[in-house]
Amino acid sequence: MSNIVRWDTQLIRRYDVAGPRYTSYPTAVQFHDGIGSLDLVRALRSSREAKNPLSLYIHIPFCANICYYCGCNKVITKDRGYSEPYVKRLIKEIELVSKHLDKDQVVEQIHFGGGTPTFLTTEQIGQIIKALHDHFQFADNADCDFGIEVDPREADWTIMGLLRELGFNRVSLGVQDFDPEVQRAVNRLQTFEQTQAIIDAAHTLQFRSINVDLIYGLPKQTPERFAKTVKEIIGLQPDRLSVFNYAHLPERFKPQRRINTNELPNPSDKLQILQETIEQLTAAGYRYIGMDHFALADDELTYAQEEGTLCRNFQGYTTHGHCDLIGLGVSSISQIGDLYCQNISDLTAYQDCIDQGQMAVKRGLICNEDDRIRRAVIQQLICHFYLDFTTIEKQFGISFKSYFKDVLPKLQAMANDNLIKLEENAITVQDAGRLLVRSVCMVFDHYLTEQILQRFSRVI
């Protein structure tokens with residue numbers, strides 16, 4: 001498979017529209033209140049009968065400071081004691097969920113996300129991990145991916161050492177941009193030295209993988225300033241990078257109203273930032289995995305993509321797509337078979353529900369056959385930039401061209417634009433179309449309407 005990303009400004013301008021990131025299909029926009037605890041219990045029991053492997057996501061919502069760009073579910077507080085009641089409820093939820101699973105089901109992946117997981121003390125994190133060990137069977141250390149998101153302003157060498165002792169072997173760091181003016185504009189002051197110390201610690205302590213998050217399109221960014229940040233990050237040698245497009249949606253995310261719209265880079269500069277970032281990372285040996293993600297040639301994501309086993313779910317690109325994903329904590333999302341379900345997003349309501357001994361499910365959906373077909377199509381395109389019609393036909397007993405006859409003219413138009421190569425039994429996303437794969441996936445999305453599209457960020 002080609003690892004080349006060819007920049008085509010004309011093609012980008014034509015297909016750079018708002019659309020889903022497809023961490024799921026159907027997307028979370030389709031979740032509804034008709035899904036509840038009983039649906040989760042049924043799905044967990046089906047997982048138990050099949051003895052499926054598991055991936056666990058633990059959501060820690062707390063942050064000490066507000067980052068103006070952030071659209072995550074979070075609780076801003078300086079009071080560290082505020083997290084203690086939450087940890088107790090989280091442990092209780094672990095107990096509730098585990099009752100419906102088999103102890104022989106192996107946990108292959110654990111990820112602590114947020115918010116800021118390192119808002120918790122290492123003692124609190126240790127309590128959660130102990131509860132997980134008490135109620136689940138972990139894969140061997142060599143096989144278990146054990147990740148945590150770390151804020152370099154909230155950690156040091158000692159904390160990194162304690163996290164490693166607790167079993168964590170993967171770490172993801174939020175950086176966004178090193179430029180002080182950009183940092184002040186988004187209220188996230190974080191020095192290069194703070195970040196370097198944590199990455200150096202992770203390398204020294206032999207964390208298996210280090211990921212760094214960057215965001216382009218933030219206020220006061222310029223191509224020159226962001227190129228300096230990328231150069232500095234490359235020098236720190238992370239294994240993976242996520243370079244996200246900032247979506248300015250102040251009508252949806254209240255903190256973004258503090259950002260001065262006049263300070264955002266213009267569309268031309270924003271495109272230049274992305275183009276130069278791709279060139280810098282490619283020259284440094286990083287490969288474009290897809291959807292803003294880059295990884296070194298010897299990274300597991302790269303191998304999985306080459307072998308055709310890469311998947312995408314609510315945790316992004318993953319090598320554990322065969323696992324049932326169980327979300328724990330406020331607002332967390334589970335994907336178990338055909339069920340998607342999300343916990344209550346309000347902290348107090350979540351804790352009250354757990355106190356009553358109930359699952360905290362608020363909404364979700366159950367995939368129908370059409371959803372399953374389209375999900376498989378989108379997964380192949382977004383993970384491998386290739387779709388074999390015969391594989392879909394055999395899996396679902398359909399004629400691909402008959403089933404998708406309504407979208408064939410759109411696909412032909414994309415082929416005419418050299419976004420894709422449309423063959424008799426396959427679609428290949430061209431090198432110039434790899435940045436725009438979301439636009440290809442959107443052709444197969446049964447639920448998209450103009451109103452729904454307004455809720456998503458642009459492709460680039």
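## Close-ups of a predicted model

**View 1. Glutamine 124 sits in helix α4, which runs from residue 122 to residue 135.** A quick heads-up before you look further: this is a predicted model. So, is glutamine 124 buried or exposed? Its relative accessibility is 5%, and since buried means under 20%, glutamine 124 counts as buried. Now look for its partner: the side chains of glutamine 124 and serine 83 are joined by a polar contact of 3.2 Å. Leaving aside residues up to four places away in sequence, glutamine 124 touches Ser83, Glu84 and Val87.

**View 2. Here are some aromatic rings in pairs, out of 19 aromatic pairs in the structure.** One of them is made by phenylalanine 138 and phenylalanine 146, and this pair is edge-to-face. The ring centres are 6.1 Å apart, with 75° between the planes. Planes over 60 degrees apart count as edge-to-face, so that 75° angle puts this pair in the edge-to-face group. Both partners are tucked away: phenylalanine 138 counts as buried at 15% relative accessibility, and phenylalanine 146 is buried with a relative accessible area of 4%. Elsewhere, ring pairs link Phe62, Tyr82, Tyr86, Phe119 and Tyr350 into a cluster.

**View 3. Two arginines place their charged ends over phenylalanine rings.** Which ring does arginine 80 sit over? Its charged end is over phenylalanine 119, 4.3 Å from the centre of the ring. You've met phenylalanine 119 already, as one of the residues in the ring cluster. The other arginine here is arginine 434, whose charged end sits over the ring of phenylalanine 385, 4.1 Å from the ring centre.

**View 4. Helix α9 covers residues 267-283 and has a buried side.** Try a little check on its length. With 17 residues and 1.5 Å a residue, α9 should span 24 Å, and its end C-alpha atoms are indeed 24 Å apart, so the two values agree. The buried residues of α9 are Lys270, Leu271, Ile273, Leu274, Thr277, Ile278 and Leu281. They cover an arc of only 155° around the axis, which means they are on the same side of α9. What do these buried residues pack against? The list is α1 (9-15), β8 (209-216), α8 (223-236), β9 (240-245), β10 (286-290) and β11 (293-296). At the N-terminal end, asparagine 266 caps α9, with a side-chain oxygen 3.1 Å from the backbone nitrogen of serine 268. After α9 comes glycine 285, whose phi is positive, near 100°.

**View 5. Helix α11 spans residues 347-355, and aspartate 355 is part of it.** The buried residues of α11 are Leu347, Tyr350, Gln351, Cys353 and Ile354. Looking down the axis, you'd find these buried residues within an arc of 160°, so they line one face of the helix. Their cover includes β2 (62-63), β3 (75-76), α3 (84-98) and β16 (339-343). Tyr350 also belongs to the ring cluster with Phe62. Which residue caps the N-terminal end of α11? That's aspartate 346, which has a side-chain oxygen 3.3 Å from the backbone nitrogen of threonine 348. As for aspartate 355, 49% relative accessibility makes it partly exposed. The C-alpha atoms of aspartate 355 and tyrosine 288 are separated by 45 Å, and the two residues are 67 apart along the chain. Glycine 357 follows α11 and has a positive phi, near 75°.

**View 6. Now for some backbone oddities in the loops.** Most peptide bonds are trans, and most residues other than glycine have a negative phi. Where does the backbone go cis? The peptide bond from tyrosine 25 to proline 26 is cis, with omega near -10°, and proline 26 is in the loop between α1 and α2 (37-50). Another cis bond leads from glycine 114 to glycine 115, with omega near 25°. Glycine 115 is in the loop between β4 (106-114) and α4. Next come positive phi values: methionine 291 has a phi near 45° and is in the loop between β10 and β11. With a relative accessible area of 4%, methionine 291 is buried. Serine 331 has a positive phi too, near 65°. You'll find serine 331 in the loop between β14 (324-328) and β15 (333-336), and at 10% relative accessibility serine 331 counts as buried.

Conventions:
Residues numbered from 1 in each chain as written. Predicted model: local features only at pLDDT ≥ 70, side-chain atom pairs only at ≥ 80, totals over all residues. Heavy atoms only, no water. Phe/Tyr/Trp six-rings, centres within 6.5 Å; stacked < 30°, edge-to-face > 60°. Buried < 20%, exposed > 50% of the residue type's maximum accessible area, 1.4 Å probe, protein only. Lys NZ or Arg CZ within 6 Å of the ring centre and 35° of its normal. Helix = DSSP H or I, 4+ residues; strand = E, 2+ residues; numbered from the N terminus. Expected span 1.5 Å × (residues − 1). Arc of directions from axis to C-beta. Contact = heavy atoms within 4.5 Å. Polar contact = N/O pair within 3.5 Å; in protein donor to acceptor, adjacent residues only side chain to side chain.
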